[in-house]
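User: Got a structure I'd like to talk through. Can you take my questions as they come?

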Amino acid sequence: MLALVAFAAGLGLVALILRLLSPQIRKYAAGGSCRSTVRLDGKVALVTGANSGIGKETALDLASRGARVILACRDLEKAEEAAAEIRTRVGGAKVEVRELDLADCCSIRAFAQRFLREVDHLHILINNAGVMMCPYMKTADGFEMQIGVNHLGHYLLTYLLIGLLKRSAPSRIVVVSSLAHNFGWIRFHDLHSQGSYNSGLAYCQSKLANVLFTRELARRLQGSNVTVNSVHPGTVRSELVRHSTLMSLLFAFFSMFLKSPKEGAQTSIYCAVAEELQSISGKHFSDCAPAFVAPQGRSEETARKLWDVSCELLGIEWD
């Protein structure tokens with residue numbers, strides 16, 4: 001009984017301390033912010049997965065700077081709601097919605113064909129959409145869902161739009177990765193987790209793939225005036241953890257320590273607009289500053305091998 005009372009008292013004390021320190025905790029958890037005031041009038045930006053979370057906040061910021069922003073989303077109803085909200089919050093916002101399912105190569109190709117017919121320029125591509133720790137499932141093309149959407153879907157989309165990005169240069173590509181890449185390994189012998197599946201490790205693999213893709217694409221884009229950088233948005237309160245009960249509970253319990261979607265979007269925005277990054281490419285950022293990349297994310301050999309394997313899986317040739 002005494003032990004139970006002591007435990008309850010301890011929890012009460014911790015809760016009190018957290019409450020007293022909450023302003024300082026929130027300020028620390030918010031991380032860095034993009035301070036650039038650059039305008040984007042006449043520029044075109046494309047944001048995948050922009051119907052909620054950091055994608056919507058990224059699109060909102062770019063629209064507030066005067067850009068024409070295309071929200072590329074699987075759920076058109078939610079995307080239209082997000083677009084309406086952005087128009088309400090930003091007077092005169094130029095926001096459009098296009099259907100894009102990154103789990104289906106046919107949808108990606110159809111999206112790109114329409115986009116190239118109807119849009120003359122593309123200055124900013126934000127590869128933001130993603131899935132996290134979902135049950136084992138496959139994309140329409142037979143890829144494990146997380147490597148399929150987070151890496152291969154964006155890989156194909158970028159491939160199909162790279163010509164327009166080059167013609168629109170100077171232009172930028174931002175790839176939303178994660179700190180989770182530190183715990184990832186590219187399992188070339190079982191890339192789609194058919195032998196064994198761990199949702200967390202599959203997610204980490206896909207985020208490492210984002211970092212490696214960024215590194216190799218930057219090397220291939222040298223001299224094109226198109227830059228590409230990856231970002232870790234931070235630990236953000238979002239729908240991304242909906243597939244994991246444990247993660248959802250942890251996020252709810254430690255919500256004070258998490259970023260809001262607006263705070264989580266800051267590094268994506270920074271990499272998309274900051275004047276000082278005009279010629280910076282192939283780097284990784286967090287809290288609007290250069291960030292550590294795990295050794296496996298710096299391997300040129302692994303990056304090139306993943307590039308070749310991705311091309312083979314998608315049936316494309318990328319010079």
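User: What phi does G66 take, just after α2?
Analyst: A positive one, about 100°. Keep in mind that this is a predicted model.

User: And α2 itself, what should its residues span, and how far apart are the end C-alpha atoms?
Analyst: Helix α2 covers residues 53-64, 12 residues in total. At 1.5 Å a residue it should span 16 Å, and the end C-alpha atoms lie 17 Å apart, so the two agree.

User: How many of the α2 residues are buried?
Analyst: 10 of the 12, so α2 is mostly covered; buried here means under 20% relative accessible area.

User: Which ones?
Analyst: I54, G55, K56, E57, T58, A59, L60, D61, L62 and A63.

User: Switching to pockets. How much space is in the second largest pocket?
Analyst: About 330 Å³. It has 18 lining residues, and R215, A218, S281, G282 and K283 are the closest to its centre.

User: Which elements give two or more residues to that lining?
Analyst: α6 (199-220) and α10 (300-314). α6 gives the most, with six residues.

User: What's the chemical mix in the lining of the second largest pocket?
Analyst: Five nonpolar, seven polar and six charged residues.

User: Zoom out. How many helices and strands does the chain have?
Analyst: 10 helices and eight strands. Of the 319 residues in the chain, 52% are buried.

User: What about the exposed area of the protein chain?
Analyst: About 15,100 Å², with carbon and sulfur atoms supplying 56% of it.

User: And contacts between residues at least 6 apart: what share join residues at least 24 apart?
Analyst: 77% of them.

Methods. Residues numbered from 1 in each chain as written. Predicted model: local features only at pLDDT ≥ 70, side-chain atom pairs only at ≥ 80, totals over all residues. Heavy atoms only, no water. Helix = DSSP H or I, 4+ residues; strand = E, 2+ residues; numbered from the N terminus. Buried < 20%, exposed > 50% of the residue type's maximum accessible area, 1.4 Å probe, protein only. Contact = heavy atoms within 4.5 Å. Areas by Shrake-Rupley, 256 points an atom, 1.4 Å probe, with all protein chains shown as cover. 1 Å grid on protein atoms, 1.4 Å probe; cavity = no way out; pocket = protein on both sides within 12 Å on 5 of 7 lines; lining within 4 Å. Points joined across faces, edges and corners; volume = space filled by probe spheres on them. Nonpolar A, V, L, I, M, F, W, Y, C, P; charged D, E, K, R; others polar. Expected span 1.5 Å × (residues − 1).
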